[in-house]
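Me: I would like to learn how to read a structure feature by feature. Could you take me through this one, giving the general idea before each case?

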Amino acid sequence: MLKEELKSIFKIHKSDNEIYHDLAQYHVREILLVTSLYDAFILEEEEKLNEKIFGEYYNLDLSNVPRITNASDENEVETFLKQKYFDFVIITMRTQNMTPLELAEMVKNIKPNLPVFLLLYDNSDIAFVNKMRDKIGIFERVFVWNRDTKVFLAIVKYFEDKRNTENDTKVGLVRVILLVENSIRYYSRYLPILYNEIIKQTQRLITRDNLDGMKKILRMRARPKVLMAFTYEEAIEIYEKYKENLLCVISDVRYPHGGSLDEEAGIKLLKQIKMKDPDLPFLLQSSESGIAEIAAANEVSFINKNSDTLSEDLTDFVLNNLGFGDFIFRDREGIEISRANSLEEFKSQLKNVPSQSVLYHGTRNHFSAWLMARGEIQIAENLERLKVTDFPDADAIRNHIIKLTKNIETTVSRGGVVEYNKKFIDEDNMILRLGNGSFGGKGRGIAFINTLLQSKELFRGIGDVSVNIPRTSIIGIDEFDKFISGNSLSNIYRKYSYEEVKKIFLKKDLSDELMFKLRSYVDKVKAPLAVRSSGMFEDSISESFSGIFQTFLIPNNHPSPIERLKNLTDAIKLVYASVYSSHSRSYFEAINYRIDDEKMAVVIQEIAGNNFGDVFFPHISGVAQSYNFYPISRFKPEEGICIAAVGLGKYVIDAEKAYRFCPKFPKVDISDPETALRESQSFLYAIDMSKQLSNLAESEDITLKRIDIAEAEKLGVLDDVVSVFDPQDNKLKVGLNFNGPRIINFAGVLKYDSFPLAKVLSRLLEIIESSMGLPVEIEFAVSLDEDKPCFYILQLKPLIRSSEYYSVDADELNKENLILYTERGMGNGKIDNLSDIIYADQDLFNKAETQQMAIELEKLNEKMRKEGRNYVLIGPGRWGTRDRWLGIPVNWTQISNAKIIVETDLEDFRVDASLGSHFFHNITSMNIGYLTVHQTNGRDFIDWDYLKSIKPENTTDHFVHLHFEKPFTILMDGKKSLSVILK
């Protein structure tokens, strides 16, 4: 039932893409996309997929846009294939019930000749494909998404060009680009860049030449085609067939030739082609820098595949070697009166053009055709059903179109992402797009949630509660590209420290277009703002990047709009700069990604909360997860967990002491009163509204203020969230009408339902997990205003990548043979290539010296990193906490080579695990084993006697480094949370 409700929501948002028209040449008209509902939303909504893929139809009176049909499981696939025609099928890596290979085989059994593409999520999936090389022949081709929907355009255009080139080169003298590349990773990057540049340049020429309608169509249809060869023989065959039409050749060096891999195939191709056509532009690309000399000797271009500026280098080659439209209002003779290149210009000019022009276009269906080509489907469909004779005169037609456009724009925009317009700033159900391009990880999650929230039926049964996202605007990644390239900043991190990078970024300018919008924005918005990073890889399925980039919370209350604008733009620039921080660079290195591949979008949100004197914060904030990795007592993992606090969510994200409860059973206390007192929140974070900003670069926390709980009580914000501990009865009394220690346990909310927090969380987690097809986490805030209480969703992120579980049978284990045993482990699989353990000496541990311990560990880790050794790390308390009294406050850089991380307790030092923190997300997303050993529970243990019997390779004031002659084995059962290390 829930799934059907969700499908109906997405159909509303997909309707504008379901258009197609017939043209003379072959075009892809029907695509079956097999993926989860969440990924279908991202592909369709995040970057306006219709506009991205079919940008060449933009502004033209063209009439065929392919329709994308989404199927989320094998039953829908079978139904669609039997009911209708498809040009091809795209299967993504995350599918329900069946593997992509099994789905492809099912498709071929139903329709043997139907092409099937495999779309990988990122480069980490290539290893999976390489393991099944003998089986992937069933796919037409394999591509990598890498969070860039331009690859979707590449798949469509690759298929169309393959079908059209022979005819188009004969009839229209179309030029051909030959790409020779057999690497999935690289052709998935090259093709999107090529098509993007081809379309951009064709559009530029169309604009420059001021062509009329028919010539525009011919020019765009005559765009260069791209053909791809995967072997030397295929390249020669294409060359010989299209040599009169070749525009350029882009070739790798190493690919198959004569049935085997030839290390010099590209050089041989270069010489063969240059011998016949010496003036043909040729680009060699290789990961071996020595090839550059060969390229220079042959007077051709060269690109190093390992270059941090690979995309820019390829773009430069295309730009240097390759050298749609407006709505044209006409009179009755067909003579141009004026032209519009946007819907806003169209509406503006429609008000003023002569009546004869309105009748001229109306009788020819020009209005609906142009609007449909631009994706304005609902407007176009309404107009297409009407005839000129349905109206008394031209003015009636004109007024109907303008009114219809305005009404449908408002309806369709609700819950979606709309182009920035000052009139939409106060709307609660729209996200404003301040800049083009992908939304990034945080942005796509927020956009997805906003769509879900428009269906109030999904939240029936939770009472009259407002569930929203904060008012949100997004600057797409294109602005980041403009900022970096326009200010020549692409390699700046190689020359300067991060502190210097920040200073340089602050001196540079954002684009004029963005600045114009931001001036308008700050004139209207006076609420405190969160300026959040939203990197392309951030909060993705395979990598978390949690806490790697910066987020700034700014008061935005200066009386001068000039100062407010400066604070906002400084925050945006510093978010951009955080891509190049040492913390970020270490993380990229640890996961074997290139920093050049990251692009940064920025999410600007009005902060949820209330003013309390000179501070601002929400009554409640926290994180909730649909899967609890550490269930206790009666709770099941799938019932989820929530960690909540008073004040800003930074308190929870920093893994401070906060209240935990199960949303399914909010009235059940997880801990006893004494433990609750010991673990209760002692302070909160708020925005200091009295502080005027001078230097945001100093710290992302510069605008924050710590407020003790006693002081918060005076502000009157604790009525529904506090209980008082009665030591005589050893129990908690709800409310503030008692003397004694205050405990933040949200009793009024959770036990007496003053606000249905648990119901909202349970329903949201259920909806989002069902949509994404895997466990999720949301960050939230609650305002308990008496007039209008509201629940705000701030962020969404996936918890783990789905995988097969590795099984460990506890009954077959001999504990005498174990170094470590825990029933609270995260991770899955078998590791048998580690020979090193670094552990904190329990006898020397001192809570007051944890900062020194972090420094010691950083030096040990650097040694291990240089020697290429991974290790098991064992220590008490929370790893990565910002509170040094709760554990060792390391950041990821300081332990980047740890493959297994163990949190343990001591007799006088017991702390809950780091659930919900950024640190926690990063290590779990990187498939690092994360084990919690509660030695005091009588089951978990570490054999310290055994470890102490081994001669250390190295020691510090607090740590011992052991190296074993032979690797030990680690087994992790992800389903049972059971993990062991064997001697």
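Reply: What follows goes through salt bridges, two sheets and a helix pair. Please keep in mind throughout that this is a predicted model.

Me: How many salt bridges does the model have, and by which distance rule are they counted?

Reply: The general idea is a cut-off between charged side chains: a side-chain nitrogen of Lys or Arg has to lie within 4 Å of a carboxyl oxygen of Asp or Glu. In this structure the count by that rule comes to 38 salt bridges. One of them joins the side chains of Glu823 and Arg939, with 2.9 Å from N to O.

Me: Which parts of the chain does the pair of Glu823 and Arg939 tie together?

Reply: Here one looks up the element that holds each partner. Glu823 sits in the loop between β34 (818–822) and β35 (825–826), while Arg939 sits in the loop between β39 (929–933) and β40 (941–942), so the pair ties together parts that are 116 residues apart in sequence. As for accessibility, Glu823 counts as partly exposed at 31%, and Arg939 likewise counts as partly exposed at 43%.

Me: Which residues are linked in a network of salt bridges?

Reply: To read a network, one follows the bridges from residue to residue. In this model Asp836, Lys863, Glu867, Arg869 and Glu953 are linked in such a network. Within this group, Glu953 forms a salt bridge with Lys863, where the closest N and O atoms are 3.4 Å apart; Glu953 belongs to the loop between α33 (944–948) and β41 (954–955) and Lys863 to helix α31 (residues 850–866), so that the pair links distant parts of the chain, 90 residues apart. Another bridge of the group brings together the side chains of Arg869 and Glu867, at 2.4 Å from N to O.

Me: Is Arg869 buried or exposed?

Reply: The reading depends on the cut-off, since buried means under 20% relative accessible area. Arg869 has a relative accessible area of 16% and is therefore buried, whereas its partner Glu867 counts as partly exposed at 42%.

Me: In what order do the strands of the six-stranded sheet stand, and which of them are at the edges?

Reply: One reads a sheet by its strand order, then by its edges. The six strands form an open sheet in the order β17-β33-β32-β24-β25-β26, with mixed pairing. At the edges stand β17 (466–468) and β26 (659–661), each with a single partner strand, so one side of each is left without a neighbour in the sheet. From one strand to the next the twist averages 25°. Inside the sheet, β24 (residues 620–625) and β32 (residues 776–783) run antiparallel and are joined by six bridges, and the partner of Gln625 in β32 is Glu777. Helix α30 (residues 757–772) packs on this sheet, and its direction makes about 150° with that of β32.

Me: At what angle do helices α22 and α24 pack?

Reply: For a helix pair, one takes the angle and the axis distance together. Helix α22 (residues 498–507) and helix α24 (residues 561–577) pack at about 140°, with their axes 9 Å apart, which makes α22 oblique to α24. Their crossing is right-handed. The residues that meet include Tyr498 and Phe505 in α22, and Leu574 and Tyr576 in α24.

Me: What is the pairing in the sheet of four strands?

Reply: The same reading applies. This open sheet has the order β22-β23-β27-β28 with antiparallel pairing, and its edge strands, β22 (610–612) and β28 (704–708), each pair on one side only.

Key
Residues numbered from 1 in each chain as written. Predicted model: local features only at pLDDT ≥ 70, side-chain atom pairs only at ≥ 80, totals over all residues. Heavy atoms only, no water. Helix = DSSP H or I, 4+ residues; strand = E, 2+ residues; numbered from the N terminus. Buried < 20%, exposed > 50% of the residue type's maximum accessible area, 1.4 Å probe, protein only. Pairing = 2+ DSSP bridges. Axes fitted to C-alpha atoms, helices over the stretch in contact; angles between N-to-C directions. Contact = heavy atoms within 4.5 Å. Parallel < 35°, antiparallel > 145°, perpendicular 65-115°, else oblique. Left-handed = near helix turned anticlockwise from the far one by under 90°.
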